Each structure stands twice: as C-alpha cells, then as structure tokens.
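Q: Could you pick one part of this model, look at it closely, and then work outward from there? Keep it relaxed, but do take me through the details.

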Amino acid sequence: MQTNFTPAQLHEAPIKVANDILRNCVHCGFCLATCPTYMILGNELDSPRGRIYQIREMLQSGEPAPANTVKHIDRCLSCLSCMTTCPSGVDYMHLVDHARVHIEETYTRPLPERLLRMILATVLPSPALFRLSLLGARLMRPFKSLLPGRLKGMIAMAPATLPKADAVDLIKPAGETRLRVALLPGCAQQVLAPRINRSAARLLSRLGCEVYEARDVGCCGALIHHMGKEGAARQSARQNIAAWERDMPDAIAITASGCGSMVKDYGFMLKDDPQWAERAAKISSIARDISEVVAELGLDGVQDFDKPSVAYHAPCSLQHGQKNLDGPARLLKTAGFQVTTPKNAHLCCGSAGTYNLMQPELAEGLGEQKAASLDILETKVIATGNIGCLIQIDGYANTPVVHCVELLDWATGGPSPLNPE
Ligand code: SF4
Ligand code: SF4
C-alpha cells in the first residue's frame with residue numbers, strides 16, 4: 001500500500017513502524033473472510049483492510065482522530081484472526097495498537113464513555129478494587145432493570161459467588177528441580193478463578209518444577225494497552241520486569257493467554273527505551289503459555305481412568321496472537337481425553353479484554369455463536385486457556401467450561417474440576 005508520510009513524520013519511531021507495516025499490505029482482501037466484525041456487519045470499514053486504510057489516513061493527516069474512524073477501530077476485537085490469514089505478513093497488531101494510542105491522545109470521547117474507560121482502567125487491573133466492584137455488582141442485581149444498557153450488562157456478568165483469594169505459595173518438587181517457574185497471578189483471574197493457578201502449580205511441581213508467584217508482579221498491562229493508554233501500560237511492564245528480575249526464574253508460565261501475548265510483547269513495547277529494552281526482551285524470551293511449559297517438560301504421570309470428552313476452544317490470543325494453534329488440545333489428547341474442536345474455531349468468542357463491556361451487542365452475538373458451536377459437539381466439558389474466554393463462553397453455553405490446565409492436573413492426580421469440593 002502506498003503511503004505519503006512526510007520526512008518529519010517518519011522521524012517519529014512509531015510512525016516509522018506504522019509506515020513499514022502499511023507498505024506490506026497489498027490490499028488483496030483475503031483477511032475480510034476471517035474477520036468477525038466484517039462477517040457480522042458486512043461493512044468494509046469494519047474489516048481489517050478497511051481499518052488499515054482508515055489508520056493510514058488518520059496517521060498521515062497528523063490531525064486528531066475523526067469520530068467515524070474511532071467508531072470502526074473501537075469495534076475491532078484485536079482478535080488478530082486477520083494476521084493468521086494475511087499472506088503478506090501484515091503486522092496488524094502493532095498497527096492497531098498505535099492507532100489506539102493516537103486516538104487516546106487526540107480524540108475527546110463523550111463524557112459517559114470517558115468515565116466508563118476511566119473506571120475500567122482503574123478497577124480491572126487492581127484485584128482488590130475488582131473484587132470490591134463485583135461484590136457491589138451483586139448488591140445491585142435486584143435493581144439492574146433500572147440501570148442504563150452497559151451498566152445492566154456489567155451487573156449481569158458479575159458471578160453469583162466469588163472464591164476466596166488464594167495466592168500460590170512457593171511449591172518445591174518432590175525430587176530434583178528441573179525448572180524454576182514463576183506463575184503470573186493474572187489480575188482478573190486471581191479474583192474470579194484462583195483455582196486455575198493452583199492447578200497449574202500442582203501440575204508443574206509434579207513435573208519437577210519449583211513454582212512461585214513473584215511478589216509485586218501486578219497487571220500485565222493488556223487491558224489498558226488495548227485502550228491506547230500506552231504510558232500506563234509501559235509502566236505496568238517495567239514494574240513487572242523489575243519484580244521478576246529480583247529472583248529471576250527459568251520461565252514465566254502464564255495461564256491467561258491474553259496476558260501471555262502481552263508479556264511476550266514487552267520486548268517490542270520497550271524496544272526504544274535504552275534503560276529497559278534489553279531487560280524487557282529477556283523477560284519476553286522466557287514468557288510461556290502454560291501449555292508450552294508443559295509440552296517442553298513432557299506430560300508425565302497420566303493416570304488411567306475414564307475421562308470425559310472435551311470441546312477445545314482456542315483463545316484468539318493463543319492461536320492468532322502467539323501462533324499456538326492447538327498445543328493445549330494436543331496435551332489433552334496425550335492425557336487421554338477425547339478432544340474435538342468446533343466449526344469456525346478461528347472466530348473470536350467476543351470476550352477480547354474489555355470488548356464485552358465496551359461493545360456489548362457485538363460481543364453478545366459472538367458469544368452466542370461460539371457457545372452454540374461448542375454445545376453442538378455434545379461433549380461433557382468445554383476447555384479453553386484464557387479467563388476472558390472462559391467467563392464469556394460460560395455465560396452462553398449449556399456445557400460446563402474449565403481451563404485446560406485443570407483437566408491436565410486432574411489427569412495426573414489432581415482433583416476433578418467437574419466435581420469441585
Ligand atoms: S490479507 Fe493482508 S495484504 Fe491482504 S488486504 Fe488483508 S492485511 Fe492487506
Ligand atoms: S483484529 Fe479481528 S476484528 Fe480486528 S480487523 Fe483483525 S480480524 Fe477483524
């Protein structure tokens with residue numbers, strides 16, 4: 001694609017990166033067929049190619065983002081299905097990330113929108129505030145019909161009960177230590193489903209790992225990064241890098257693939273920061289999805305019992321973002337589960353970070369479609385690898401939804417996630 005940035009614009013590092021990405025696009029349109037928002041809305045402006053054009057015009061103009069462009073960029077899920085499809089290797093992820101930063105810096109959103117974004121950016125990365133807000137949402141449930149649309153949806157999403165907070169303490173393996181692994185606590189996950197990291201810790205220690213959660217590691221920054229709040233996202237990254245460096249692990253295992261994609265991108269985020277570039281690249285190089293750590297160690301000690309059939313939902317952040325199409329499904333098969341995958345497995349479930357809160361109608365349509373495609377497989381359980389997908393699908397599906405690591409833990413001697421005590 002032709003671009004016409006001025007030499008002065010090309011001196012800015014992010015514009016130089018955007019220019020290189022834009023020039024890779026040959027406008028072939030292959031990406032349209034796999035874009036969920038184009039499939040639903042049928043408008044080229046809501047397709048990857050349409051968004052790429054709009055981003056080019058917005059950045060080249062050097063003007064504040066126009067309202068119409070903001071609308072179509074906001075509707076993008078950042079699911080990255082278009083990147084998997086693109087034959088020219090267009091790095092849409094870093095292009096739309098930069099577009100979001102430009103929008104955040106130049107566009108004044110209507111007041112209710114700004115307030116909603118401010119609340120989400122404050123509450124979601126803080127487990128204490130998130131827990132408090134979920135408890136508040138439960139109290140508001142009886143009055144939900146009196147609330148405006150988005151707030152009503154947020155109240156409905158709050159779970160009826162919340163598990164006790166439960167961090168993973170240092171766990172040593174029974175025999176020799178093969179690997180020292182730091183688990184990322186995950187801000188929303190540690191409130192909604194602390195059982196996931198407990199399963200991961202048990203499984204990893206059985207496979208010979210020393211497992212711990214590093215002190216002072218907080219939110220990975222993905223939620224605010226997707227809102228274009230780049231300064232705050234970089235600050236989260238620096239804080240986490242420093243926290244891991246205090247007791248450097250061999251690997252950082254991440255059970256929420258949305259967070260995994262973010263930590264794996266710290267090297268790119270901080271590449272122009274002389275003080276942090278090398279340190280960020282090191283942390284990204286040891287970041288792994290939990291399924292990758294288990295695959296590298298080799299799944300051992302599988303117990304022989306009747307295991308239920310499983311429908312595997314591949315999170316977009318894992319299959320498109322990390323290019324790990326079916327690693328967890330292969331591990332589940334090794335563990336003796338009979339695994340199937342749904343039709344249109346490449347399509348997003350509509351969770352996508354805060355998308356189900358910001359774009360509730362589109363998210364609902366995608367959630368219903370995904371749940372139906374999984375339910376129809378008539379398996380005993382649905383398994384996935386990201387807390388956002390787990391909660392979203394659980395809201396629409398009739399089949400119970402668990403994290404893949406809970407099934408792997410069960411298969412090697414842990415408790416059954418289908419009959420929690
Ligand atoms: S598939 Fe790739 S090259 Fe073709 S229009 Fe989409 S982004 Fe551009
Ligand atoms: S990231 Fe997903 S929603 Fe956004 S343009 Fe690409 S395929 Fe479409």
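**Around the ligands, and outward**

A: Start at ligand 1: with three residues, H4 is the biggest contributor to the shell around it. Bear in mind throughout that this is a predicted model. H6 joins H4 as an element that gives two or more residues to that shell. There are 15 residues around ligand 1, and the ones that come nearest are Cys25, Cys28, Cys31, Cys86 and Ser88. Sorted by class, the shell has ten nonpolar residues, four polar and one charged.

Now slide over to ligand 2, where H4 and H6 turn up again. Helix H4 (48-61), helix H6 (81-85) and helix H3 (36-41) each put at least two residues into its shell. That shell holds 13 residues, and Cys35, Pro48, Cys76, Cys79 and Cys82 are the closest. The class split is nine nonpolar, three polar and one charged.

While you're in this region, have a look at leucine 80, in the loop between helix H5 (67-74) and H6. As a rule, residues other than glycine mostly have a negative phi. Leucine 80 isn't a glycine, yet its phi is positive, at about 70°. Leucine 80 counts as buried because 24 other C-beta atoms lie within 10 Å, and the cut-off is 20 or more.

Asparagine 344 makes a handy counterpart. This non-glycine residue has a positive phi as well, of about 55°. Asparagine 344 sits in the loop between strand E6 (338-340) and H21. Its count is 13 other C-beta atoms within 10 Å, so asparagine 344 is partly exposed.

Next, zoom out to the domains. The chain is split into domain 1 (7-106), domain 2 (111-157), domain 3 (179-295) and domain 4 (301-411). Between domain 1 and domain 3, the C-alpha centres are 27 Å apart. Where these two domains touch, seven residues of domain 1 are in contact with seven of domain 3. On the domain 1 side, helix H7 (residues 92-106) has the largest share, five residues. That side comes out as three nonpolar, two polar and two charged residues.

Crossing into domain 3, strand E3 (residues 251-254) is a nice place to stop. In a regular strand, side chains alternate between the two faces of the sheet. In E3 both faces are covered, with Ala251 and Ala253 buried on one side and Ile252 and Ile254 buried on the other. E3 runs parallel to strand E1 (residues 179-183), joined to it by three bridges, and alanine 182 is the residue opposite isoleucine 252. E3 also pairs in the parallel sense with strand E4 (residues 287-289), again over three bridges, with alanine 253 partnered by arginine 288 of E4.

Further along, phenylalanine 268 belongs to helix H16 (residues 266-269). It has 17 C-beta neighbours inside 10 Å, so phenylalanine 268 is classed as partly exposed. Its C-alpha atom is 8.1 Å from that of alanine 280, twelve residues away along the chain.

Keep going to strand E7 (residues 381-384), which pairs in the parallel sense with strand E5 (residues 309-312) over three bridges. Within that pairing, isoleucine 382 of E7 is the bridge partner of alanine 311. E7 is also joined by three bridges to strand E8 (residues 401-403), running parallel to it, and there threonine 384 faces histidine 403.

Helix H23 (residues 387-394) is mostly covered, with seven of its eight residues buried. Those seven are Ile387, Gly388, Cys389, Leu390, Ile391, Gln392 and Ile393. They pack against E7 and E8, and also against helix H11 (187-192), helix H15 (257-264), helix H21 (355-358) and helix H22 (360-375).

Finally, the core. In soluble globular proteins, nonpolar side chains tend to be buried together. Here the largest nonpolar core has 112 residues, and Leu204, Ile252, Ala253, Val263, Leu332 and Leu407 have the most contacts inside it. Helix H24 (residues 404-411) gives this core its largest share, six residues. If you skip neighbours within four places in sequence, leucine 407 is in contact with Val310, Leu332, Ala335, Phe337, Ala383, Val402 and Pro417.

How values were computed: Residues numbered from 1 in each chain as written. Chains lettered and ligands numbered in written order. Predicted model: local features only at pLDDT ≥ 70, side-chain atom pairs only at ≥ 80, totals over all residues. Near = placed C-beta within 6 Å. Helix = DSSP H or I, 4+ residues; strand = E, 2+ residues; numbered from the N terminus. Nonpolar A, V, L, I, M, F, W, Y, C, P; charged D, E, K, R; others polar. Core = buried A, V, L, I, M, F, W, Y, C linked by C-beta atoms within 7 Å. Buried ≥ 20, exposed ≤ 12 C-beta atoms within 10 Å, placed from the backbone. Domains from an automatic or database assignment. Pairing = 2+ DSSP bridges.
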